[in-house]
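Trainee: I'd like to learn how to read the features of a protein model, one at a time. Could we walk through an example together?

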Amino acid sequence: MLHNKACVLVIEDDPRILRLEQMVLEKEGYTVLTSLTAEEALETLAEISPSLIVLDVGLPGMDGFAACYQIREVSQVPIIMVTGRDFNEDKIKGLEIGADDYITKPFSPNELAARVKAALRRSAMSTGVIEPTVQIGDLFVDFISNRVMLANREVLLSDTEYRLLCYLARNAGRIVTRDQILERIWGEEYSGEDHLLHVTIGRLRLKLEDPARKPKYIITRRGIGYSFPIEDEYVGYGSRLA
Ligand code: CA
């Protein structure tokens with residue numbers, strides 16, 4: 001597989017966690033570079049372009065947020081932030097300054113491997129041309145004719161519902177925060193209007209989801225925002241949800 005030759009830069013100040021991350025990722029076949037500080041990592045980045053960065057939030061000196069911000073000024077490389085367990089604000093902040101995903105400490109080796117693999121896969125897909133359609137499960141979105149089909153029947157959406165669905169579908173596989181959605185769909189002055197978003201998500205789900213089941217297209221990321229699944233993550237109403 002292409003991504004197995006990818007180079008991953010891991011930035012973590014705890015040497016035990018760093019070693020664990022390195023072991024897990026090397027076992028997956030990646031080349032792993034490590035840094036104990038953000039400053040050292042930025043020096044590395046001046047010379048080498050990794051395929052992905054795993055970035056701890058709590059670092060001595062420059063913290064993970066500042067590092068993420070600096071990296072984003074010069075690079076689109078996928079960044080997975082590593083945050084503490086109960087710090088939703090950290091997760092939101094990371095996503096809003098350009099991280100692609102987050103992973104919460106303590107994490108399992110499998111979780112780390114899965115997140116890295118998914119982020120590399122999205123990155124490989126997004127380097128191509130923008131797809132004119134998205135199809136997942138029974139849902140089909142045609143961005144050219146602006147039509148949404150569910151099990152081969154057209155779904156009529158309001159303009160706002162359609163733009164909201166497109167925004168989530170265009171960001172499939174990654175979490176978008178509530179404020180990111182509000183600002184994109186309604187405008188910057190709507191930041192914080194969670195109720196508006198909640199109601200619109202509810203209307204969209206009424207049209208797309210089975211009300212008796214857990215949503216499978218518009219997934220709630222509790223305390224953070226929403227996501228739309230990519231194929232790997234899509235869970236239909238099969239046994240996995242039972
Ligand atoms: Ca740390």
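Trainee: Leaving aside its neighbours within four places in sequence, which residues is K105 in contact with?

Mentor: Happy to start there, and please keep in mind that this is a predicted model. Once the sequence neighbours within four places are set aside, K105 is in contact with E12, I17, D56, V82, T83, G84 and R85. K105 itself lies in the loop between strand 5 and helix 5 (109-126), and at 24% relative accessibility it counts as partly exposed. For a sense of distance, K105 and L165 are 60 residues apart in sequence and 31 Å apart in space, C-alpha to C-alpha.

Trainee: What kind of peptide bond joins K105 and P106?

Mentor: The general idea first: most residues other than glycine have a negative phi, and most peptide bonds are trans. Here the bond between K105 and P106 is cis, with omega at about -5°. P106 is placed in the loop between strand 5 and helix 5.

Trainee: And which residues other than glycine have a positive phi?

Mentor: Two to look at are N146, with phi near 60°, and N152, with phi near 70°. N146 is in the loop between strand 7 (139-142) and strand 8 (147-150), while N152 is in the loop between strand 8 and strand 9 (153-155). Their surroundings can be read too: N146 counts as partly exposed at 47% relative accessibility, whereas N152 is exposed, with a relative accessible area of 71%. For a glycine, look just after helix 4, where G98 takes a positive phi of about 115°.

Trainee: Since you mention helix 4, which of its residues are buried?

Mentor: A useful rule for this one: an α-helix has 3.6 residues a turn, so residues three or four places apart point the same way. In helix 4 (residues 88-96), the buried residues are K91, I92, G94 and L95. They cover an arc of only 160° around the axis, which puts them on the same side of helix 4.

Trainee: What covers those buried residues of helix 4?

Mentor: The cover includes two helices, helix 3 (64-74) and helix 7 (178-185), together with strand 4 (79-83), strand 5 (101-104) and strand 10 (175-177).

Trainee: Now the ion. Which residues are the protein donors of the calcium ion?

Mentor: For a metal site, read the donor atoms, then their distances, then where they fall along the chain. The calcium ion has D13 (OD), D56 (OD) and G58 (O) as its protein donors, lying 2.2 to 2.3 Å from it. Along the chain, the donors follow the spacing D-x42-D-x1-G. D13 lies in the loop between strand 1 (7-11) and helix 1 (15-27) and D56 in strand 3 (residues 52-56), so the pair ties together parts that are 43 residues apart in sequence.

Trainee: Are D13 and D56 buried or exposed, and what are their accessibilities?

Mentor: D13 counts as partly exposed, at 30% relative accessibility. D56, by contrast, is buried, with a relative accessible area of 4%. You have met D56 already, among the contacts of K105.

Trainee: How many disulfides does the structure hold, and why?

Mentor: A disulfide is a covalent bond between the sulfur atoms of two cysteines. The structure holds 0 of them, because the sulfur of C7 is 18 Å from the closest cysteine sulfur, in C68, too far for a bond. C7 counts as buried at 16% relative accessibility, and C68 is buried as well, with a relative accessible area of 0%.

Trainee: C7 makes me curious about its surroundings. What does L33 touch?

Mentor: Not counting residues up to four places away in sequence, L33 touches C7, V8, L9, V10, T44 and I48. L33 lies in strand 2 (residues 31-35) and is partly exposed, with a relative accessible area of 24%.

Trainee: Last topic: rings. How many aromatic pairs does a search of the whole structure find?

Mentor: In general, a pair of aromatic rings is described by the distance of the centres and the angle of the planes. In this case the search finds 0 aromatic pairs. A ring can also have a charge over its face, and here R170 lies over the face of F143, at 3.6 Å from the ring centre.

Terms used
Residues numbered from 1 in each chain as written. Predicted model: local features only at pLDDT ≥ 70, side-chain atom pairs only at ≥ 80, totals over all residues. Heavy atoms only, no water. Phe/Tyr/Trp six-rings, centres within 6.5 Å; stacked < 30°, edge-to-face > 60°. Lys NZ or Arg CZ within 6 Å of the ring centre and 35° of its normal. Donors = N, O, S within 2.8 Å, 3.2 Å for Na, K, Ca; no water. Helix = DSSP H or I, 4+ residues; strand = E, 2+ residues; numbered from the N terminus. Buried < 20%, exposed > 50% of the residue type's maximum accessible area, 1.4 Å probe, protein only. Arc of directions from axis to C-beta. Contact = heavy atoms within 4.5 Å. Disulfide = S-S within 2.5 Å.
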